[in-house]
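Biologist: I am new to this one. Could you take me through it, a question at a time?

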Amino acid sequence: MNLVILGPQGSGKGTQAEMLVEKYGFSHIETGRILRAISASDSPLAEEISKTLSEGKLVSDEILEKVLTEKLSIPSPNGYLFDGTPRNVKQYDLLKYLLGLLGQKIDRLVYIWISEEEVVRRLSSRRTCLKCGNVYNLITNPSPRGNVCACGGELVQRADDSPDAIKKRLTWGFTKEVKQKAEEDGILLEINGERSIEEIHKEIVERLGLNG
Ligand SMILES: [Zn+2]
């Protein structure tokens, strides 16, 4: 079974993806991490990818196709789990096409839904250590030492974690289009993300028909 996991920043989708990968042996295709690794390598694509990422833009379809093709050339008996792609309908169609070349498809798109208010609440609860850069979250991952990092450094809220900055960079439009497309294709699995990690995981597993 091939899965896509989608959700806004702060939805906990990365955690859910890791749990599924660990338990069910999906091959985890985490596009952001792959692109960051390439940009730090001596690949001929490094410079272009690095520039695109630093501008906060999406990589070109050509680069995405190359990256995905390479990852899909490694067979995964338990299926692939795509995390971070597709970000828009064009990427969705590309992924469908590339899987189609292998005689496969996107079986389910798991969309972890949380409200804008909750995204803002979660992300504005982040605290960063001035000394070592460690990131905590007052709600989900508090420092064992309260207002101080484990290393002793002072914890502060970064300017881009302020509620206004978060609201500004939230982009819902394209995600909504992908979600709509998945619904049309009959593969959408919408999950309420405003619950505990365990509850969300349990529902995903049940609704995908995976064996607990
Ligand atoms: Zn620290």
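Biologist: Which residues in α5 do D61, L64, E65, L68, T69 and L72 in α4 meet?

Modeller: Bear in mind that this is a predicted model. Helix α4 covers residues 61-72 and helix α5 covers residues 89-101. Contact here means C-beta atoms within 7 Å. On the α5 side, the residues met are K90, Q91, L94, L95 and L98.

Biologist: At what angle do α4 and α5 pack?

Modeller: Their axes lie 11 Å apart. The crossing of α4 past α5 is right-handed. The packing angle is about 35°.

Biologist: Now the sheet. In what order do its five strands run?

Modeller: The sheet is open, and its pairing is parallel. β2 (27-30) and β8 sit at the edges, each pairing on one side only. From one strand to the next, the twist averages 20°. The order is β2-β3-β1-β4-β8.

Biologist: Which helix packs on the sheet, touching β1, β2, β3 and β4?

Modeller: Look at residues 13-24. The direction of this helix makes about 170° with that of β3 (80-83). The helix is α1.

Biologist: Is strand β4 largely enclosed or largely open, and why?

Modeller: β4 spans residues 108-113. A residue counts as buried if 20 or more other C-beta atoms lie within 10 Å of its own. Five of the six residues in β4 are buried, so the rest of the structure leaves this strand largely enclosed.

Biologist: Which residue in β4 is the bridge partner of V4?

Modeller: Start with the strands. β1 (residues 3-6) pairs with β4 in the parallel sense, over four bridges. The partner of V4 is L109.

Biologist: What stands opposite W113 in β8?

Modeller: β8 (residues 188-192) pairs with β4 in the parallel sense over five bridges. L109 in β4 faces L188 in β8. Opposite W113 stands N192.

Biologist: Which residues does UniProt list for the adenylate kinase active site lid?

Modeller: The entry is unreviewed, and it labels the span as a domain. In this model the span is 0% helix and 26% strand. Its end C-alpha atoms lie 10 Å apart. The listed residues are 126-160.

Biologist: How far does helix α9 reach from its first C-alpha to its last?

Modeller: α9 has twelve residues, 197-208. At 1.5 Å a residue, 16 Å is expected, and the model comes close to that. The reach is 17 Å.

Biologist: Which residue takes a positive phi just after α9?

Modeller: Go to the position that follows the helix. The phi there is about 75°. The residue is G209.

Methods: Residues numbered from 1 in each chain as written. Predicted model: local features only at pLDDT ≥ 70, side-chain atom pairs only at ≥ 80, totals over all residues. Buried ≥ 20, exposed ≤ 12 C-beta atoms within 10 Å, placed from the backbone. Helix = DSSP H or I, 4+ residues; strand = E, 2+ residues; numbered from the N terminus. Pairing = 2+ DSSP bridges. UniProt positions renumbered as here; feature names shortened; annotations may be inferred. Axes fitted to C-alpha atoms, helices over the stretch in contact; angles between N-to-C directions. Contact = placed C-beta atoms within 7 Å. Expected span 1.5 Å × (residues − 1). Left-handed = near helix turned anticlockwise from the far one by under 90°.
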